Structure formats: structure tokens, C-alpha cells
Amino acid sequence: MNQQAKHALSVGAVAKRCGIKVSTLHFYEAKGLIQSQRNQGNQRRYHPEVLRRVSVIKAAQKMGINLADIKAAFARLPNNRTPNKNDWELLSQQWRENLNQRIETMTQLRDSLTGCIGCGCLSMNSCPLYNPDDQLAAHGTGPVILNRSSEQT
Ligand code: FES
């Protein structure tokens with residue numbers, strides 16, 4: 001048995017170490033985000049680097065980056081390798097603008113939830129001031145004020 005085969009991980013071991021379901025690993029593999037080899041018994045075996053790769057995927061997903069963007073970012077790495085520290089910095093730079101926009105939108109959402117959002121309910125004390133007689137309905141559907149501020153980001 002060579003060194004690489006000796007340290008190869010089963011799908012169950014990777015799932016346990018990463019804290020995700022086996023089906024999630026299969027899904028990531030089907031999407032081309034991770035790769036496995038087959039052993040002689042035709043079972044999936046993963047290089048230990050997959051732990052870092054899955055961790056990066058999970059971290060990026062937590063930040064709201066979708067799988068297609070994660071895959072595209074991975075594809076820009078040399079030889080489609082598992083991201084190292086420098087690569088991760090590069091990836092996070094690419095996602096920085098996207099993250100900044102999300103932070104801005106979340107901040108506005110947080111700050112506007114206690115005031116009138118222009119939804120037509122007229123139930124808050126501030127509604128007569130910001131949306132008298134639901135005049136904002138003429139400008140669109142949904143929470144018009146909230147939508148406006150998220151469109152500006
Ligand atoms: S919060 Fe709904 S119209 Fe003001």
C-alpha cells in the first residue's frame with residue numbers, strides 16, 4: 001500500500017470529521033467541488049486535503065457564496081488544487097465586494113425592522129409619516145422602503 005492510499009479517507013470518515021452528511025459529500029462531488037478515487041472494492045476514498053476543501057466550501061456557504069461561485073473560484077486556482085492560506089486570501093478578496101454588499105443589506109434590514117418598511121400594513125407609529133394612506137403602494141409591491149434601500153447596495 002502506498003503512502004497516499006494509506007492516508008486515504010472513507011466517505012464516512014470525511015463526513016464525520018467535517019460534520020456533514022455523507023449525502024452532502026456526494027452532492028459536492030456530483031457538482032465537481034471535490035474528487036475521490038475508487039479503491040479495489042470500488043469504494044470512494046478521499047485524499048486528506050479534502051477536509052480543508054470541504055471546510056472552505058462550508059465557510060464560503062456560510063458567508064452566502066453559492067456553490068457555482070465557489071466552484072468557479074476553485075477552478076481559477078492552479079491545477080484546481082485545494083486552497084492553501086494564500087489561495088484562501090485570494091478567494092476572500094474576490095468575494096469581499098459581494099460580502100460587503102451583504103453586510104450593508106443586513107445592516108439596513110436590521111436598522112429598518114423597527115420602523116416603517118412601507119409594506120402597506122400601516123401598523124407602526126411611524127407609518128403615517130413614511131407611508132401615509134399607503135401611498136407607497138403606487139411605487140411597487142412588498143416593503144417598498146426596504147426594497148429601495150436594498151436596491152441601493
Ligand atoms: S410598516 Fe407596514 S406600512 Fe409601515
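**Exercise 1. Helix α6**

How many residues has α6, and how far does α6 reach from its first C-alpha to its last? Then find where the helix bends and which residues are buried.

*Solution.* Keep in mind that this is a predicted model.
- Step 1. Count the residues: α6 has 28.
- Step 2. Take the span. From first C-alpha to last, α6 reaches 38 Å.
- Step 3. Compare with expectation. At 1.5 Å a residue, 40 Å is expected, and the value found is close to that.
- Step 4. Look for a bend. α6 has a kink of about 45°, and arginine 96 is at its centre.
- Step 5. List the buried residues of α6. They are Asp87, Leu91, Trp95, Leu99 and Ser112.

**Exercise 2. The sheet**

In what order do the three strands of the open sheet lie, and which strands stand at the edges?

*Solution.*
- Step 1. Read the order: β1-β3-β2, with antiparallel pairing.
- Step 2. Find the edges. β1 (9-10) and β2 (37-38) each have a single partner strand, so one side of each has no neighbour in the sheet.
- Step 3. Look at one pair. β2 and β3 (residues 44-46) are joined antiparallel over two bridges.
- Step 4. Find residues that face each other. Arginine 38 is opposite arginine 44 of β3.

**Exercise 3. The nonpolar core**

Which elements give two or more residues to the largest nonpolar core, and which gives the most?

*Solution.*
- Step 1. Start with the core itself. The largest one has 24 residues.
- Step 2. Find its best-connected members. Leu25 and Ile70 have the most contacts inside this core.
- Step 3. Name the elements. Two or more residues come from each of α2 (11-18), α3 (22-30), α4 (50-62), α5 (67-75) and α6.
- Step 4. Pick the top contributor. α4 gives five residues, the most of any element.
- Step 5. Zoom in on isoleucine 70. Leaving out residues up to four places away in sequence, isoleucine 70 touches Leu33, Ile57, Ala60, Gln61, Ile65 and Trp95.

**Exercise 4. Positive phi angles**

Where is leucine 122 found, and where is aspartate 133 found? Compare their phi angles with the general rule, then class each residue by exposure.

*Solution.*
- Step 1. Recall the rule. Most residues other than glycine have a negative phi.
- Step 2. Take leucine 122. Its phi is near 55°, which is positive, and the residue is not glycine.
- Step 3. Place leucine 122: the loop between α6 (85-112) and α7 (127-130).
- Step 4. Class leucine 122. Partly exposed runs from 20% to 50%. Leucine 122 has a relative accessible area of 40%, so it is partly exposed.
- Step 5. Take aspartate 133. Its phi is about 55°, again positive in a residue that is not a glycine.
- Step 6. Place aspartate 133: the loop between α7 and α8 (144-152).
- Step 7. Class aspartate 133. Its relative accessible area is 71%, so it is exposed.

**Exercise 5. Sequence and space**

How many residues apart are lysine 6 and histidine 47 in sequence, and what is their separation in space? Do the same for glutamate 104 and serine 36.

*Solution.*
- Step 1. Place lysine 6. It lies in helix α1 (residues 3-6).
- Step 2. Class lysine 6. Relative accessibility is 53%, so lysine 6 counts as exposed.
- Step 3. Give the separations. Lysine 6 and histidine 47 are 41 residues apart in sequence and 9.8 Å apart, C-alpha to C-alpha.
- Step 4. Place glutamate 104: helix α6. At 40% relative accessibility, glutamate 104 is partly exposed.
- Step 5. Give the second pair. Glutamate 104 and serine 36 are 68 residues apart in sequence and 39 Å apart, C-alpha to C-alpha.

Conventions: Residues are numbered from 1 along each chain as its sequence is written. This is a predicted model: local features need pLDDT of at least 70, side-chain atom pairs count only at pLDDT 80 or more; totals for chains, interfaces and linings use all residues. Side-chain values use heavy atoms; hydrogens and water are left out. Helices (H or I, at least four residues) and strands (E, at least two) are DSSP runs, numbered from the N terminus. Buried means under 20% relative accessible area, exposed over 50%, partly exposed in between (1.4 Å probe, protein chains only). The expected span of a helix is 1.5 Å times one less than its number of residues. The bend at a residue is the angle between axes fitted to the seven residues ending there and the seven starting there. Two strands pair if DSSP finds at least two bridges between them. A nonpolar core is a set of buried Ala, Val, Leu, Ile, Met, Phe, Trp, Tyr and Cys residues joined through side-chain atoms within 4.5 Å. Contact means heavy atoms within 4.5 Å.
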